[in-house]
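User: Please take a close look at the charged side chains in this model, and start with the salt bridges. After that, add a short account of some other local features.

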Amino acid sequence: MAYETMIVEIEEGIAVLTLNRPMVLNALNNQVFYELAEAASTIAADPSVRVMIITGGDKVFAAGADIGQMASASAVDVTTSDNPSHRAFHLIENMPKPVIAAVAGYALGGGCELSLVADVRIAADNALFGLPEIKLGILPGGGGTQRLPRLIGAGKAKELIFGGDFIKADEALSIGLVNKVVPADQLFTEAKKMATRFAERGAVALRLAKSCVNEGLKMDLEAALQYEHKCFSLLFSTEDQKEGMKAFLEKRPARFQGR
């Protein structure tokens with residue numbers, strides 16, 4: 001389908017979702033969140049797609065939420081809203097396929113929170129990350145207070161949330177916020193290279209591996225280990241497992257079919 005706030009392209013098993021509101025630095029409003037949710041649902045259900053890349057292009061990822069839309073809201077308005085950001089982020093985070101965020105320029109507020117729901121983050125060397133909501137008298141309400149501590153630890157997350165300051169790509173790498181930093185002109189090439197590598201793996205194993213990590217983080221260790229073993233066992237009923245091990249023994253690349 002056609003979207004007004006983003007461009008979605010699919011090629012060779014990789015879906016590329018590009019935020020496309022350049023006049024407002026890809027600021028996130030309700031329409032963006034509704035379209036993100038729709039795109040995520042469509043991509044998740046498309047068997048031809050193995051991996052998704054989210055980007056804002058080579059200039060900016062997303063410079064936060066649309067403050068003009070939020071400024072006049074009351075507590076009742078916020079409480080009774082359908083919380084479109086939560087639904088969109090939930091669908092992306094729990095998509096049964098790897099999601100890579102390719103981040104250039106500003107990734108602030110809701111933009112930073114959007115990057116947090118990806119499985120892997122690749123940053124251009126011009127990227128700036130931050131959760132500046134505290135400077136507006138609010139807090140990160142799109143999952144920032146929950147996902148960031150789980151990713152980089154509570155102490156550093158609190159420093160970033162309480163101060164509302166921006167950090168550059170190299171610091172984001174040093175604290176584990178991003179997986180990799182590359183020159184800005186190589187950002188999409190590196191994201192595509194990683195996506196291609198993931199797409200070559202068995203789709204069923206990828207789905208269950210992602211589920212093991214995401215669901216396991218919600219459990220105590222013993223329950224998580226039991227869930228991992230269940231998923232591990234299930235994979236021995238798949239054609240991909242038979243093909244993967246046969247290919248290994250025959251010293252050839254595996255030809256996974258996602259079954």
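Analyst: What follows goes through the salt bridges, then a charged residue without one, and then a helix, some loops and a surface patch.

The model is predicted, so local features need pLDDT of at least 70 and side-chain atom pairs count only at pLDDT 80 or more, while totals for chains, interfaces and linings use all residues. Residues are numbered from 1 along each chain as its sequence is written, and side-chain values use heavy atoms, with hydrogens and water left out.

Side chains of opposite charge can pair when their charged atoms come close. A salt bridge here is a side-chain nitrogen of Lys or Arg within 4 Å of a carboxyl oxygen of Asp or Glu. By this rule the count is 11 salt bridges.

One of them joins E190 and K180, whose closest N and O atoms are 2.9 Å apart. E190 is in helix α9 and K180 is in strand β10, so this pair ties together parts that are 10 residues apart in sequence. Helices (H or I, at least four residues) and strands (E, at least two) are DSSP runs, numbered from the N terminus. E190 counts as buried, because its relative accessibility is 12%, and K180 is partly exposed, because its value is 33%. The cut-offs are these: buried means under 20% relative accessible area, exposed means over 50%, and partly exposed is in between (1.4 Å probe, protein chains only).

A second pair is E159 and K156, with 3.2 Å between the closest N and O atoms. Both residues belong to helix α7 (residues 154-163), and because they are 3 residues apart, about one helical turn separates them. An α-helix has 3.6 residues a turn, so residues three or four places apart point the same way. E159 has a relative accessible area of 49% and is therefore partly exposed; K156, at 22%, also counts as partly exposed.

A third pair is R252 and E250, whose side chains meet at 2.7 Å, N to O. E250 is partly exposed, with 42% relative accessible area. Salt bridges with shared partners also link K156, E159 and E171 into one network.

What does E113 do without a salt bridge? E113 is part of helix α5 (residues 110-116). E113 is buried, and the nearest side chain of opposite charge, that of R147, is 6.7 Å away. For charge, Lys and Arg count as positive and Asp and Glu as negative, while His and the chain ends are not counted. A polar atom of the E113 side chain does lie 2.9 Å from the backbone nitrogen of G142. That is a polar contact (a pair of N or O atoms within 3.5 Å; within protein, one must be able to donate a hydrogen and the other to accept it, and residues adjacent in sequence count only if both atoms are side-chain atoms).

Another acidic side chain sits at the start of helix α11, where a side-chain oxygen of D220 comes within 3.1 Å of the backbone nitrogen of E222. Helix α11 has 14 residues (221-234), which should span 20 Å at 1.5 Å a residue, and the end C-alpha atoms are 20 Å apart, so the two values agree. The expected span of a helix is 1.5 Å times one less than its number of residues.

Next come the loops. D185 is in the loop between β10 (180-182) and α9 (187-199), and at 68% relative accessible area D185 is exposed. E12 is in the loop between β1 (6-11) and β2 (14-19), and E12 is exposed as well, at 67%. The phi of E12 is positive, near 55 degrees, although E12 is not a glycine. Most residues other than glycine have a negative phi, and most peptide bonds are trans. L25, in the loop between β2 and α1 (30-45), likewise has a positive phi of about 55 degrees.

L25 also helps form a nonpolar surface patch of about 260 Å², together with Y106 and F166. Patches are made of residues with over 30% relative accessible area and no salt bridge, with like charges joined within 9 Å and nonpolar side chains (Val, Leu, Ile, Met, Phe, Trp, Tyr) within 5 Å. Accessible areas come from the Shrake-Rupley method with a 1.4 Å probe, and for residues only the protein chains shown count as cover. L25 is partly exposed at 38%. Y106, in strand β6 (residues 106-108), is partly exposed at 35%.
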